[in-house]
Amino acid sequence: MKYDVVVVGGGPAGLVAAFTTKRFFGDKKILVVKKTEKEMVPCGIPYIFHTLGSVENDYMGIEDRFKGAGIDLLIDEVVDGNPDEKKLFTKSGKEISYDKLIIATGSSPNTPKIPGVDLKGVFTVPKEADYLKLLHEKVKDANDVVIIGGGFIGVEVADEIKKSGKNVTLVEIMDSLLPVSFDPDFGELARKELESDNVKVLTGRKVTEILGTEKVEGVKLDSGETIPADVVVLATGYKPNSELARKLGLKVTELGFIETDEYMRTSKPDIFAAGDCVQHKDFLTGKPSRLMLASAAVFDARIAASNLYGLKVIRTNKGSLNAYSTVIGSKAFGSVGITERIAKEEGFEVVVGKAEAPDRHPGKFEDTSKLVVKLIFSEDSKILLGAQVCGGKSVGEIVNLISLGIQKGITANDLFTMQIGTHPLLTSAPTVYPLAKAAEMVL
């Protein structure tokens, strides 16, 4: 089998890499190799337990789109290769030749070293449909579910499983929820949302053992407390899938990610990489980042694919921004850039502006939510370094716009003097517009 461009991986990065290649280089013969028949929407996985109702409702549905676009698809696993001869070898014994290769092998769940982690009824949250179907069925039959980890996956899974009527306990080792992306004041808002839905939230606690003989029966905390559990879900982060890269002799960082340059080129000629498997660089500090987001993955894929045959699309941003959004209970949460805590740890001297206002005006409309905005600025320059937002569904797009502002070096003065459009059914009132009011606090 000989192709101009081979993409290994069928997740968001692989999907976008293939279609972007087709858009820029329509005459090239393209192959996507992926391990599973059906791909999941990664960010939709927590919602299989209630809102979506099934694993099948979270399928990406991309397989037919490849065929319609003239992109070949092979369900197989690339297990080795020879970059000097530009060849790949699959698990089924196929040999594939390529001119350009894009590795988009994604990430897999971390499994913490806790005694009892191998008991039946203990699950991670991978992006694999068959595994998730089993987890879905076990949760359906359970009464007591314990979630270990209070990051995005943990709080979303806890929120969703509770909606299906289970007894849910969430255990987080740090002192607040969502500790990487939000400061404790916003973590407390997330806690209140979960507790209002009767999720038991335990922060500053460590699970020391998962109890049971063959099947999980509970968890033991460092306080000595035991919590009953029919199912334990490990939401303890992800690690890059860089095994293939190592076999191909590509440079891999100390954190286990594939090393690339600004245009996603690896240490071997004509091999690119994109997505969760790639080492990202923090936009503000320049340090290696553990960023693993579908939004970042598709950005990588567009840069890689559009520049396969010469640098056509110039990359102007200097790193990767952590931009997140989620929904917990009745509230949306979003963050971008660095938190106040991390800014201080990195040595930034910062000032913080915070404002609250209804996201409709007047605030008597039925769908009104309180919008809380926290902006973190450099003390001297007043350049925006980070933001956290809580409120209604507009939060997601507000965070996206703030992300663009950070990329462009927006200042408190820019936000204070920004010209806006408002409407009673769509936005906060112009008199108390929270982005402008939060910026005003630091001037």
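Five strands make up an open sheet in the order β20-β21-β24-β23-β22, with antiparallel pairing, where strands are DSSP runs of E with at least two residues, helices are runs of H or I with at least four residues, and both are numbered from the N terminus. Two strands are said to pair if DSSP finds at least two bridges between them. The edge strands of this sheet are β20 (323-328) and β22 (350-358), each of which pairs on one side only. On average, neighbouring strands of this sheet are turned by 10° against each other, direction ignored, with axes taken as lines fitted to C-alpha atoms and angles running from 0 to 180 degrees between N-to-C directions.

The model is a predicted one, in which local features need pLDDT of at least 70 and side-chain atom pairs count only at pLDDT 80 or more, while totals for chains, interfaces and linings use all residues. Residues are numbered from 1 along each chain as its sequence is written, and side-chain values use heavy atoms, with hydrogens and water left out.

The protein chain has 11 helices and 24 strands, and its C-alpha trace spans about 65 × 60 × 40 Å along its principal axes. For 443 residues a compact globule would have a radius of gyration near 22 Å, and the 23 Å of the protein chain agrees with this; the radius is taken over C-alpha atoms, and the globule rule is 2.2 Å times the number of residues to the power 0.38. Of the 443 residues, 52% count as buried, that is, under 20% relative accessible area with a 1.4 Å probe and protein chains only, whereas exposed means over 50% and partly exposed lies in between. Among the contacts with a separation of 6 or more, 64% join residues 24 or more positions apart, a contact being heavy atoms within 4.5 Å.

Three of the strand pairings are set out below.

| Strands | Pairing | Bridges | Opposite residues |
|---|---|---|---|
| β20 and β21 (331-337) | antiparallel | six bridges | Ala323 and Val336 |
| β1 (2-8) and β2 (30-34) | parallel | four bridges | Val8 and Val33 |
| β13 (216-221) and β14 | antiparallel | three bridges | Val219 and Ile227 |

Strand β2 is mostly covered, as five of its five residues are buried. Its two faces are both covered, with Ile30, Val32 and Lys34 buried on one side and Leu31 and Val33 buried on the other.

A further open sheet consists of three strands in the order β12-β13-β14, and its pairing is antiparallel. Here β12 (207-212) and β14 (226-228) stand at the edges with a single partner strand each, so one side of each is left without a neighbour in the sheet. Neighbouring strands of this sheet are turned by 25° against each other on average, direction ignored.

Leu119 lies in the loop between β7 (107-109) and β8 (122-123) and counts as buried because its relative accessibility is 12%. Leaving aside residues up to four places away in sequence, Leu119 touches Ile210, Leu211, Gly212, Thr213, Glu214, Lys215 and Val216. The C-alpha atoms of Leu119 and Glu217 are separated by 9.3 Å, although these residues are 98 residues apart along the chain.

Helix α7 (residues 294-306) has 13 residues and reaches 18 Å from its first C-alpha to its last, close to the 18 Å expected, which is 1.5 Å times one less than its number of residues. Its buried residues include Ala296, Val298, Asp300 and Ile303, and the buried residues of α7 pack against α1 (12-24), β6 (95-103), β17 (271-273) and β18 (280-281).
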